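Got the model open on your screen? Let's take a relaxed walk through a few of its features.

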Amino acid sequence: MAAQTATRKRAPLDFESPEAVARFFHGLADPNRVRILQFLIDGPKTAGEIVRQLGRHQPSVSSHLTCLRFCGFVEARREGRSVVYELIDPRVRRLLELGERYLEQNAERIMACRVIAPATVST
């Protein structure tokens, strides 16, 4: 049975499917990941700089950076003893700016929504 599962091919991803779009936004659904992206808007930063900016423990920040890398929002490269992270695509900057502009008029409604109410503070 396991061999059958391993040999099955995944169905091609439908980029317009609600599930794919929801997964895209789920990558942005954590305040710490958004803070990281906002910090990287000004240019590449080392992992240490990101940890200091967020004021979080290194393993927590590393977990968020891994998510952002796998989602394709940031890339990492080694420079000497440091790992440097930067935004991959300028559309990420525009997406964050668009979200901020949207919130200028709709923040109260978003914050009042009980369906997407914030859970416990993420690590």
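What follows is a short tour of cysteines, aromatic rings and a pair of helices. Keep in mind that this is a predicted model.

**Cysteines**

How many disulfides does the structure hold? The count is zero. Take Cys67, which is in no disulfide: the nearest cysteine sulfur belongs to Cys71 and sits 4.1 Å away. A disulfide needs the two sulfur atoms within 2.5 Å, so Cys67 doesn't make one.

Is Cys67 buried or exposed? Somewhere in between: with a relative accessibility of 23%, Cys67 counts as partly exposed. Cys113 gets the label partly exposed too, with 27% relative accessibility.

**Aromatic rings**

Now for the rings. The model has two aromatic pairs. Here they are side by side:

| Pair | Centre to centre | Angle between planes | Type |
|---|---|---|---|
| Phe24 and Phe25 | 4.9 Å | 80° | edge-to-face |
| Phe24 and Phe73 | 5.5 Å | 50° | tilted |

Why is one pair called edge-to-face? Phe24 and Phe25 have planes 80° apart, and an angle over 60 degrees counts as edge-to-face. Phe24 and Phe73, at 50° between the planes, are tilted instead.

The pair of Phe24 and Phe73 links distant parts of the chain. Phe24 belongs to helix α2 (residues 18-26), while Phe73 is in the loop between α5 (58-70) and β2 (74-79). They are 49 residues apart.

Put the pairs together, and Phe24, Phe25 and Phe73 are linked into a cluster. Which of these rings is buried, then? That's Phe73, at 3% relative accessibility. The cut-off for buried is under 20%. Phe24, at 35%, counts as partly exposed, and so does Phe25, at 44%.

**A charge over a ring**

Another ring has a lysine for company. Lys45 lies over the face of Phe39, 4.8 Å from the ring centre.

**Two helices crossing**

Finally, look at helix α3 (residues 31-40) and helix α4 (residues 47-54). Their axes come within 10 Å and cross at roughly 120°. What do we call that arrangement? An angle of 65 to 115 degrees would be roughly perpendicular, and one over 145 roughly antiparallel. The angle here fits neither, so α3 and α4 are oblique to each other. As for handedness, the crossing of α3 past α4 is right-handed.

How values were computed:
Residues numbered from 1 in each chain as written. Predicted model: local features only at pLDDT ≥ 70, side-chain atom pairs only at ≥ 80, totals over all residues. Heavy atoms only, no water. Buried < 20%, exposed > 50% of the residue type's maximum accessible area, 1.4 Å probe, protein only. Phe/Tyr/Trp six-rings, centres within 6.5 Å; stacked < 30°, edge-to-face > 60°. Helix = DSSP H or I, 4+ residues; strand = E, 2+ residues; numbered from the N terminus. Lys NZ or Arg CZ within 6 Å of the ring centre and 35° of its normal. Axes fitted to C-alpha atoms, helices over the stretch in contact; angles between N-to-C directions. Parallel < 35°, antiparallel > 145°, perpendicular 65-115°, else oblique. Left-handed = near helix turned anticlockwise from the far one by under 90°.
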